[in-house]
Structure formats: C-alpha cells, structure tokens
Amino acid sequence: MIDFEYARATNVADAVRLIAADPRAKFVAGGTNLIDLMKEDVERPTRLIDISRLPLNKVEETADGGLRIGALVPNSDLAYHPIIERRYPMLSCAILAGASAQLRNMASTGGNLLQRTRCYYFYDIATSCNKREPGSGCSALNGVNRMHAILGASEACVATHPSDMCVALAALEAKVHAAGPRGERAIPFADFHRLPGDTPQRDTNLNPDEIVTAVELPAKGFSKNYTYLKIRDRLSYAFALVSAAAGLELHSGVIKEARLVLGGVAHKPWRDPAAESFLRGKTANEAAFTQAADLILAGAKGLAHNAFKIDLARRVVVRALTQAAQGTPQSRSDKKIR
Ligand SMILES: Cc1cc2nc3c(=O)[nH]c(=O)nc-3n(C[C@H](O)[C@H](O)[C@H](O)COP(=O)(O)OP(=O)(O)OC[C@H]3O[C@@H](n4cnc5c(N)ncnc54)[C@H](O)[C@@H]3O)c2cc1C
Ligand code: SF4
C-alpha cells in the first residue's frame, strides 16, 4: 500500500489550484483506471484530488446546434442520452462496445479520454517500459506485441490507445475543453492525443495542471449513415484489436462527406485526411472503400505478432464503410442494462 493524501475539490477553480500546487497529484473521477494502476504500483500519486462531485455532469445543447458534454457525465448516461442516441448514434455505439455495464456506470467522459494504454508491459513493473519509466526501454518492441500499434509507432513505444469512445469523438470532430492556471482553452480532438515519438510518457497534450471540463460536439452527427465496428478477441469486455468509426453523407449514392477513424491501431485514434478526401465525390461501393482502406493503411507496419492486424484493419474499413453506406450499422452488443 502506498501512502497518498486525499482532497476533494469544491469547484473547478479549486481543482486547478490543488493540482497546480502539487505536480505529483492526480485527479480521480470514476477511478476505474487510476485505482487499478495504483494497485499495480504503476501510478504513485502523492495526492488524489477527487473531482467526482464537481458540477460537470450535464449534457447541454449549444447555440450552434452542437452539444456540450460535461467531463463527469458517466459513460452509461452519455450512451443512453436521448440526444446522443438520436443525433450521434455512432458515439452511443462506440461507448457501449467498451468495458462492461458496471464499468460504464462509473467511468466518466474525461477519464475515458485520459485512460492509459493496456500494453501488458506498462502494467508489469518488473519489465522495462519507456512510458512508465522514460529511458528504460520498450519490452513490447521485441516481446509479445499482438495487440500493439501498426501505425504511428516509434522505437520508443508501440502501444495503442484503448478507448472506443475516443474513436467516435475523433470521427465527429469533437473539441476538448480544459481549464488550468492560465485560463480556459479548447483543444481540437485530433490534437488532444499524441503519437509516442521519443516522449511516450506523454499520452496527450493536456498539461499536467489542467482539468478537462467538457467535450463539445459540432452539430453534424452522421445519424443516418454511420457505424462503429469493433473486432476483439471476445464479444464483450475486451479491448479492440481493430475498430472503425465511419460516417458518410450521401446524395443519391455519391459520397458528399466521409469520416473514417481507426481504433486499436495506434497511440491515438487514427484518422487520415487522404482517405477521407479520396472518398469525397465517389460512388459508395466496395471498390472505393477498398482504395480508402489502402490509403488509411498506407504507412502500416507489423511487428512480430501483430502483422495480421493490417489485413484485419483493411477488412474492417471496407465492412464499416459498407455498413455506413447501407444504413445498417453494427448492432449494439448491449441491451439497455445498467
Ligand atoms: C476491465 C476493464 C475493461 C475495460 N474495457 C474498455 C473497453 O473495451 N473500451 C474502452 O474504451 N474502455 C474500457 N475500459 C476503460 C474505461 O472506459 C476507463 O477506465 C474509464 O473510461 C476511465 O474513466 P474514469 O472516470 O474511471 O477515470 P479515472 O480512473 O478516474 O481516471 C483516469 C485518468 O484520467 C484522469 N482524469 C479523470 N478525469 C479527468 C479530468 N476531468 N481532467 C483531467 N484528468 C482527468 C485521472 O487523473 C487519471 O489519470 C475498461 C476498463 C476496465 C477496468
Ligand atoms: S509499447 Fe509503450 S507502453 Fe508498452 S512496453 Fe513499450 S514503451 Fe511501454
């Protein structure tokens, strides 16, 4: 058992003050990832700042027709929110493809963005891991790397980002709102998570003294032609080997706009403007989807145990875009259970 202090933030300004005062402190929201990491001795915060009672649990419509989701809205509440189900069903499906009903009840929107990789070596403090201990080496690079990255990886780290929700948020071009000692700012979703480069210890561009306050969705939700397709080792309660969020705007079978994001393949949700702009103006058919798959996977590189993911991802892209075009999204694996 490690020693740590506990403090409860009374409001956002108090949370920022508390975190800025102690660089080794951590916020705790639902605790479903952080507490596990503390039990495994991976995270050793000197202080937990409990933000779970801050008034950041509302889903509100914005003036420009979008939606502002408070950082403490539980994953279950978000997935089953009537506006999300109606206008952003891709997000609802992605959330329900993750974890279990119990976990989704606890997990928060902000915590989901900031959950850490599921690389086995990151969790095993007996092994070298540059993300856990910068400069110690990457055990996965030449170790068991079946679930690891095929895109955007570096010699320093080949981990993947595990979230399902974030894949849909990337496709919907969400923004992350943050508050810190220097004020408030909005971060486009594509700039929120980072590739590992030579600083794999940093998962995101959020500063350590900032708190996520909300996620904002623009008006466009691709509610007619969308899917979230997740391929995993078990049908539930497993992280993605490969997933895809796809959204299409179609006019008489021709693609006016396309969004395509892969999960389970990189250190961040993987989106490639070349694949999306290629699809624009094309007839929605298998030939176009296959070429889009080739484009989004152009730089893919397999390791000893995960090269199968390249072909798997290619098939996932074609199937996801086909489901989106036909308006037959992957059925939700979960009935309304809490
Ligand atoms: C067994 C298991 C299976 C799972 N399967 C899946 C899955 O298939 N797909 C999937 O997407 N997820 C899965 N999850 C992950 C789960 O979704 C995350 O654990 C959860 O979303 C984290 O949210 P939380 O509120 O509990 O975060 P916490 O554990 O409280 O926090 C996580 C991190 O975020 C930071 N943090 C939290 N809120 C804020 C904030 N507002 N501002 C700044 N920092 C913040 C904390 O300091 C901490 O570093 C699984 C988890 C478990 C335990
Ligand atoms: S892949 Fe990243 S998280 Fe996994 S062992 Fe290597 S450095 Fe650590």
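Ligand 1 in this predicted model sits among 33 surrounding residues, and the closest of these are F27, G31, T32, S108 and D164. Sorted by class, the shell comes out as 16 nonpolar, twelve polar and five charged residues.

Two of those closest residues, G31 and D164, also turn up in the polar contacts. For G31 it is the backbone that takes part: one of its N or O atoms is 2.7 Å from an oxygen atom of ligand 1. With D164 the side chain does the job, putting a polar atom 2.7 Å from a nitrogen atom of the ligand. A nitrogen atom of ligand 1 also has a backbone N or O atom of V212 at 2.9 Å. As for overall cover, ligand 1 on its own has 980 Å² of accessible area, and the protein covers 93% of that.

Which secondary-structure elements each supply at least two residues of the shell? They are strands β2 (25–28) and β8 (211–217), together with helices α2 (34–39) and α7 (109–114). Helix α7 gives the largest share, with four residues. Closest-shell residue F27 falls within the β2 range, and V212, the backbone contact, within that of β8.

Away from the ligand description, helix α5 (residues 89–96) is worth a quick look. Is this helix mostly covered or mostly open? Mostly covered: eight of its eight residues are buried. The run goes from P89, M90, L91 and S92 through C93 and A94 to I95 and L96.

Methods: Residues numbered from 1 in each chain as written. Chains lettered and ligands numbered in written order. Predicted model: local features only at pLDDT ≥ 70, side-chain atom pairs only at ≥ 80, totals over all residues. Heavy atoms only, no water. Near = heavy atom within 4 Å. Polar contact = N/O pair within 3.5 Å; in protein donor to acceptor, adjacent residues only side chain to side chain. Areas by Shrake-Rupley, 256 points an atom, 1.4 Å probe, with all protein chains shown as cover. Nonpolar A, V, L, I, M, F, W, Y, C, P; charged D, E, K, R; others polar. Buried < 20%, exposed > 50% of the residue type's maximum accessible area, 1.4 Å probe, protein only.
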